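The exercises below work through one structure, strand by strand and then core by core. Each task is followed by its solution.

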Amino acid sequence: MPAIEAKSLERTFSDDVVAVAGVDLEVNEGQIYAFLGPNGAGKTTTVRMLTTLLRPTGGSARVAGFDVIDEAADVRRAIGVALQEAALDPLMTGRELIRLQATLHGISRPEGRRRADELLDRVGLTRAADRRVGTYSGGMRRRLDLASALVHEPIVLFLDEPTTGLDPVSRKAIWQEVSKLNDEGTTVFLTTQYLEEADQLADNVGIISAGRIVAEDTPARLKAEVGRPHLEVKIAEDEHALATEVVARFGQPLPSKDGAVLVELARGASEVATVVRALDDAGLCVESLDLVEPTLDDVFVAKTGQHLEGGETETGETEAIPAP
Amino acid sequence: MTPAFLRANLNVIGALGARSVKQTFRRPQLLAPILVFPTLLLAIQTGGAGSAVNLPEFPAVNGFLDSMLAGAMIQSTLLAGNSGAIAFAVDIEMGFTDRLFAAPISRFAIVLGRLAGTFVLGIVAAVWFLAIGLIFGASIEGGVGGALLVIGLVALSAAAFGGLGAAIALRAGRASVVQGLFPLVFVILFLSSAFFPANLILEPARSVADYNPLSFIVEGVRDNIVFSPSLEGLAEALGAIALIGAISISLTVLALRHRLRTGG
């Protein structure tokens, strides 16, 4: 049984804006599924429908085996949700928030206290537990949000842009925690506009554009679909002709760029060492050599004709990673 | 909303009510309208218009402060409802209510949690003004029983007015809209017998005050302070609270359904 299943899922708003225009997806138990797309593509609307926060106007969806419309309460019992922008009350302390979350999930007071201590420790917030959330940094808020989503040990975890706006260090801390959760058996559905995040974390990626899934597969297969890796060989100008002749033995030469000779490797990255040896045997003096793999952005461009916003990482505040 | 529903959701309502009370005490701009503003108005009115008790048709009371306490309490309950509504709208704006909506609880319990908090703030307001009254020489003619009735009526009024605020917050979803309703509180108050006996108010305001449910609540509270508890006054006050409460619940249910259906 898939952990998440959507069939022709649609959401149209009253002003005839079609936010989601028939999404079909299937996420197997234990997978990390990344929903990749630019702002306004329909990621958050899809998550809101799957988490029962918004009623679909068409199609159907089941989460953890329950229908999101007819069995909404069962869905909510089975899922953990960390929404975009970490919706936390700045006047509450971290500990109060997790205990409240435990009460909302019907967990007894002593058990709620135990779970709060355990989760605060897990996300490295024990020392800040009794401080008001308003004093937390962005990364700390995200970690607290994640911890509160785990209080009832959900089967499926929804993370809506869990690292947007975070610095690279905080982002990696969240990634580590998501991977660990997945290793423990939790199915994770995350939306992101960061290519690296989808690439690093996801077993499967769905690319959404204008409310429709335009591509869906493993990151490796999606990238392989748009082309093989190419090699950029920087070499002295007067040796270009010979270098082009040598690399042509290994694949299709591409137009030269920035003084480099380019070749699309017919058999992929495994041929790099052979190319280097061939260049050396020809007596060529290579200044630098780069293996350029297709990225998910290339996939996005191939599927939608535009680059993904937010593909570049943002920098924000820096903070310590929680102690392991 | 049956007893079974309340029993099943008691923990959640209690936890959300406790959060709501803490939130008010931790944010001075929410607490000030409930205690500080009505206290200041009470001080100004008592100090500046105390000789009104000498007017020919003014009811026989021990002192002007005794007569004004009920008005201050009801003003406080209206402002508690307004503060609660602002806090609720802030929760909606920052997405905190989505966190609650995503939990496996009755969504109406979320509103009841907020109203439970407002109920507690009503108790705080009643005790505060009773204490102020006693410190500055007022007497509670109804004794301890009367004081308990005052506390109960004020707390129930706060929850009923809070329901109206919650409905507006759910429908508008923006704190600025709810905040804009603040002046209405004073219009409603001054068109009741909160600050002046209805028989001394000029027409057409007098007719409005005669039918304003707020007047019935104020008089029900005032009876216990100025005179002695009367069954008729209590029944009228409870009837007015029940009417406002029923309207509140109906509007809140509609607003909640709309928000859940449309997502905004």
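**Exercise 1. Describe how strand 9 and strand 10 of chain A are joined.**

Step 1. Strand 9 (residues 204-209) of chain A pairs with strand 10 of chain A in the antiparallel sense, over five bridges. Strands here are DSSP runs of E with at least two residues, helices are runs of H or I with at least four, and both are numbered from the N terminus. Two strands count as paired if DSSP finds at least two bridges between them.

Step 2. The model is predicted: local features need pLDDT of at least 70, side-chain atom pairs count only at pLDDT 80 or more, and totals for chains, interfaces and linings use all residues. Residues are numbered from 1 along each chain as its sequence is written, while chains are lettered from A and ligands numbered from 1 in the order in which they are written.

Step 3. Take individual positions. A:Ile208 stands opposite A:Ile213 in strand 10 of chain A, and the bridge partner of A:Gly206 is A:Glu216.

Step 4. The two strands form a hairpin with two residues between them, and A:Ala210 in the turn has a positive phi of about 50°.

**Exercise 2. Place strand 9 of chain A in its sheet and state whether its residues are buried or exposed.**

Step 1. The open sheet has six strands in the order 6-7-8-3-9-10 (chain A), with mixed pairing. Strand 6 (79-82) and strand 10 (212-217) of chain A each have a single partner strand, so one side of each lacks a neighbour in the sheet.

Step 2. On average, neighbouring strands of this sheet are turned by 15° against each other, direction ignored; the axes are lines fitted to C-alpha atoms, for helices over the stretch in contact, and angles run from 0 to 180 degrees between N-to-C directions.

Step 3. Strand 3 (residues 32-36) of chain A runs parallel to strand 9 of chain A and is joined to it by four bridges. A:Ala34 stands opposite A:Val205 in strand 9 of chain A.

Step 4. Six of the six residues of strand 9 of chain A are buried, where buried means 20 or more other C-beta atoms within 10 Å of the residue's own, exposed means 12 or fewer, and partly exposed lies in between, with C-beta atoms placed from the backbone. A:Asn204, A:Gly206 and A:Ile208 point one way, and A:Val205, A:Ile207 and A:Ser209 the other. In a regular strand the side chains alternate between the two faces of the sheet.

**Exercise 3. Which residues have the most contacts inside the largest nonpolar core?**

Step 1. A nonpolar core is a set of buried Ala, Val, Leu, Ile, Met, Phe, Trp, Tyr and Cys residues joined through C-beta atoms within 7 Å. The largest has 154 residues, and A:Ala34, B:Met73, B:Ala125, B:Val154, B:Ile217 and B:Val221 have the most contacts inside it.

Step 2. Helix 6 (residues 143-172) of chain B gives the largest share of this core, 17 residues.

Step 3. Leaving aside neighbours within four places in sequence, B:Met73 is in contact (C-beta atoms, placed from the backbone, within 7 Å) with B:Ala125, B:Ala126, B:Phe129, B:Val154 and B:Val221.

Step 4. A second, separate core of 12 residues includes A:Val261, A:Leu262, A:Leu265 and A:Val275.

Technical notes: Contact = placed C-beta atoms within 7 Å.
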